[in-house]
Amino acid sequence: MKVSELAEKLELTIAAGAAGVNKEVSGCYIGDLMSLAMAKVEEGNVWITIQTNQNTVAVSALKEAACVILAEGSLPDEIAKAKAEDEEITIFTSDKSVYELAKGLGELGI
């Protein structure tokens, strides 16, 4: 499944990095601790977090994540948005809880 399809099915709002919506999704990582994300995010993963700063984008780019979903109404700061555009890392926002997003991904087979 492509990032763009995932966004449609989960009713996500794009906040930055629209150029990355054609990436393939192959799994998911959920967590807010950067050091764990650096160890656990895999290529093609959706990363669900509430971390909104540029470090989230940096880790996503380093690990070649498919996209980032900011849960529970979290919004990226302006520096994170600019970095996401540069790195072509799509950042989505959602008012849904982390649990609701994870459940939705599970129902989609991710």
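How far apart are the mean positions of the positive and negative charges of the chain? The mean positions of its 9 positive and 18 negative charges are 4 Å apart. Here Lys and Arg count as positive and Asp and Glu as negative, while His and the chain ends are not counted. Each charge is placed at NZ of Lys, CZ of Arg, CG of Asp or CD of Glu.

Before you click on, a word about the model. This is a predicted model, in which local features need pLDDT of at least 70 and side-chain atom pairs count only at pLDDT 80 or more, while totals for chains, interfaces and linings use all residues. Residues are numbered from 1 along each chain as its sequence is written, and side-chain values use heavy atoms, with hydrogens and water left out.

**Stop 1: the whole chain**

Show the chain as a cartoon and look for five helices and five strands. Starting at the N terminus, you will meet them in the order α-β-β-α-β-α-β-α-β-α. Helices (H or I, at least four residues) and strands (E, at least two) are DSSP runs, numbered from the N terminus.

Turn the model around: the C-alpha trace spans about 30 × 25 × 25 Å along its principal axes. The radius of gyration is 12 Å, which agrees with the value near 13 Å for a compact globule of 110 residues. That radius is taken over C-alpha atoms, and the globule rule is 2.2 Å times the number of residues to the power 0.38.

Of the 110 residues, 41% count as buried. Buried means under 20% relative accessible area, exposed over 50%, and partly exposed in between (1.4 Å probe, protein chains only).

**Stop 2: helix 3**

Select residues 54-63, which form helix 3, and colour the buried residues Thr-56, Val-57, Val-59 and Ser-60. These residues cover an arc of only 165° around the axis, which puts them on the same side of helix 3. The arc is that of the directions from the helix axis to the C-beta atoms.

What do the buried residues of helix 3 pack against? Add helix 2 (34-40), strand 3 (45-49), strand 4 (67-70), helix 4 (78-87) and strand 5 (90-93) to your view to see their partners.

**Stop 3: two threonines**

Now pick Thr-93, in strand 5. Is Thr-93 buried or exposed? Thr-93 is buried, with a relative accessible area of 9%. Leaving aside neighbours within four places in sequence, the contacts of Thr-93 (heavy atoms within 4.5 Å) include Leu-12, Thr-13 and Leu-70.

Follow one of those contacts to Thr-13, in strand 1. Thr-13 is partly exposed, at 46% relative accessible area. Not counting residues up to four places away in sequence, Thr-13 touches Ile-91, Phe-92 and Thr-93.

**Stop 4: a loop**

Move on to Ala-19, in the loop between strand 1 (13-16) and strand 2 (27-30). With 51% relative accessibility, Ala-19 counts as exposed. Try a distance label from Ala-19 to Ser-4: their C-alpha atoms are separated by 10 Å, and the two are 15 residues apart along the chain.

**Stop 5: helix 5**

Finish with helix 5, residues 98-107, where Leu-101, Gly-104 and Leu-105 are buried. They cover an arc of only 100° around the axis, which puts them on the same side of helix 5. An α-helix has 3.6 residues a turn, so residues three or four places apart point the same way.

Show helix 1 (3-10), strand 2, strand 3 and strand 4, which are among what covers the buried residues of helix 5. On the face turned away from the buried side, find the exposed residues Tyr-99 and Glu-107. Your last click is Gly-109, which follows helix 5 and has a positive phi, near 85°.
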